[in-house]
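Trainee: Could you take me through one part of this model in some detail? I'd like to look closely at how the helices pack where the two chains come together.

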There are 2 protein chains.
Amino acid sequence: MRIGDLSRETGVSVASIKYYLREGLLPPGERTSPNQARYDAAHARRLRLIRALVDVGGLSIAGTRDVLSAVDDPAVSLHDALGTAQAAVMARTEPVEDEATTRAEQTVADLVERRGWVASERNPGYRTAVDVLAALERLGGERVAGLLDVYAEAMDGVAAHEVAAVVDTEDRERSVERVVVGIALGGALMAALRGMAEATVSARRSGLAPDPAGVTGSG
Amino acid sequence: MRIGDLSRETGVSVASIKYYLREGLLPPGERTSPNQARYDAAHARRLRLIRALVDVGGLSIAGTRDVLSAVDDPAVSLHDALGTAQAAVMARTEPVEDEATTRAEQTVADLVERRGWVASERNPGYRTAVDVLAALERLGGERVAGLLDVYAEAMDGVAAHEVAAVVDTEDRERSVERVVVGIALGGALMAALRGMAEATVSARRSGLAPDPAGVTGSG
């Protein structure tokens with residue numbers, strides 16, 4: 001199919017498709033004339049994946065490029081693809097060298113040991129956790145930092161289910177794709193459910209009628 | 001203090017400070033001459049909050065403006081501030097009208113009823129959950145969608161702790177600030193811990209040595 005047909009089939013504008021081609025996210029079509037190329041079902045599928053990662057998963061273009069490279073490279077294991085996808089969805093923090101960071105490093109090291117986690121400083125979550133805890137201390141957010149074990153317990157509960165759901169070994173490319181989709185969209189889904197669960201608790205505390213926390217803030 | 005002192009005290013560049021002033025995130029200093037203004041400790045504090053929301057919480061400039069308006073407006077209740085902060089951290093999804101969306105709407109309505117959540121379609125999480133589930137179906141991510149109740153259970157577990165940690169009533173502005181910081185940075189912290197918990201499960205499944213899922217993907 002031509003680029004216009006690809007656009008119609010996927011609902012992605014021709015301008016966006018050209019952008020993804022330029023950025024190397026979408027492989028080029030088969031050239032049929034100097035100005036035209038032909039695309040196939042694999043392009044449509046890849047385009048849907050790009051849109052889901054960018055629009056729904058909130059990944060940057062660079063992060064999307066990283067995870068798509070992992071999908072396409074047969075040398076990348078499922079385990080490494082998981083790490084790449086995690087790095088792409090994680091907050092990109094700038095480490096600050098101060099006492100708050102030093103204390104946060106100790107807090108995370110203790111947490112990893114307490115929970116028996118297999119995670120070194122090279123794990124993208126490790127550094128992010130340090131930087132978030134340090135930022136919380138600088139802002140007087142100690143009460144949120146105090147939820148560390150509550151969060152860790154909840155994440156241990158979901159992680160086993162998540163990895164079991166996304167990892168299987170019959171088809172490497174499809175399986176890596178599922179890992180990438182699962183990490184990115186699973187995280188977005190969890191954040192959405194957190195919003196509803198918190199609104200429920202907050203509404204009950206405030207004694208509000210059941211229509212709280214609208215986008216407009218006027219609930 | 002002058003803008004250069006504010007920059008040194010907070011570690012934020014003068015160019016960034018000027019950008020936040022132009023974007024209305026940071027209130028103007030007290031003008032002392034046509035080219036100079038004086039800033040105080042409240043500016044330094046606000047600047048640290050802006051950086052944490054943008055860099056660590058991953059909020060957009062528009063989202064940051066929304067939550068800061070909630071902090072500054074005495075008419076905004078804690079409950080509404082929570083909704084504004086949730087909308088700012090949530091994936092910004094584009095609804096697609098298709099059968100996958102229709103099915104996802106039913107799935108979320110059933111979930112809300114099953115869990116006894118106080119959340120209507122106006123809750124920012126509600127619409128995002130629908131859009132993420134629909135995107136998962138379109139991508140063949142049904143196994144991740146199947147974790148809906150696992151995620152919901154985990155989020156119910158954290159939400160009660162989170163709301164109790166951030167909400168109190170002695171000082172409205174500080175309390176709203178804590179809600180905003182808690183929603184944005186608490187979410188980033190949870191995502192970081194999810195990364196470590198998943199890496200641990202994945203490493204154990206793969207029989208790997210304890211250094212998995214590096215940022216480089218070469219673990």
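Mentor: Here is a walk through the helix packing, starting with the ground rules.

This is a predicted model, where local features need pLDDT of at least 70 and side-chain atom pairs count only at pLDDT 80 or more, while totals for chains, interfaces and linings use all residues. Residues are numbered from 1 along each chain as its sequence is written, chains are lettered from A and ligands numbered from 1 in the order in which they are written, and side-chain values use heavy atoms, with hydrogens and water left out.

Chain A first. It has 10 helices and 2 strands, these being DSSP runs numbered from the N terminus (helices are H or I with at least four residues, strands E with at least two). Starting at the N terminus, the order is α-α-β-β-α-α-α-α-α-α-α-α. The C-alpha trace of chain A spans about 65 × 45 × 35 Å along its principal axes.

Now the pair of chains. Chain A lands on chain B after a rotation of 180 degrees with 0.0 Å of shift along the axis, at an RMSD of 0.0 Å (least squares on C-alpha atoms of residues with pLDDT of at least 70 in both copies). The two copies are thus related as by a two-fold rotation axis. In chain A, Ala154(A) has the C-alpha nearest that axis, at 2.6 Å. Both copies use the same surface, as 100% of the contact residues of chain A recur in chain B; contact means heavy atoms within 4.5 Å.

Across the chains, helix 10 (residues 172-206) of chain A packs on helix 9 (residues 148-166) of chain B at about 45 degrees, with axes 8 Å apart. Those axes are lines fitted to C-alpha atoms, for helices over the stretch in contact, and angles run from 0 to 180 degrees between N-to-C directions. The two helices are therefore oblique to each other (under 35 degrees is roughly parallel, over 145 roughly antiparallel, 65 to 115 roughly perpendicular, and the rest oblique). Their crossing is right-handed, meaning the near helix is turned clockwise from the far one by less than a right angle, with anticlockwise being left-handed. Contact residues include Leu189(A), Leu193(A) and Val201(A) on helix 10 of chain A, and Tyr151(B), Met155(B) and Val163(B) on helix 9 of chain B. By class, this contact has 13 nonpolar, 2 polar and 5 charged residues (nonpolar is Ala, Val, Leu, Ile, Met, Phe, Trp, Tyr, Cys and Pro; charged is Asp, Glu, Lys and Arg; polar is the others, Gly among them).

Helix 9 of chain B also has a partner in its own chain: helix 6 (residues 99-115) of chain B, whose axis comes within 12 Å and crosses at roughly 40 degrees. That makes this pair oblique, and the crossing is right-handed. Here Thr107(B), Leu111(B), Arg114(B) and Arg115(B) of helix 6 meet Leu148(B), Asp149(B), Ala152(B), Glu153(B) and Asp156(B) of helix 9. The residues divide into 3 nonpolar, 1 polar and 5 charged.

Back in chain A, helix 9 (residues 148-166) and helix 10 pack at about 145 degrees with axes 10 Å apart, again in a right-handed crossing. Among the residues touching are Tyr151(A), Met155(A) and Val158(A) from helix 9 and Val179(A), Met190(A) and Arg194(A) from helix 10. That contact has 7 nonpolar, 2 polar and 2 charged residues.
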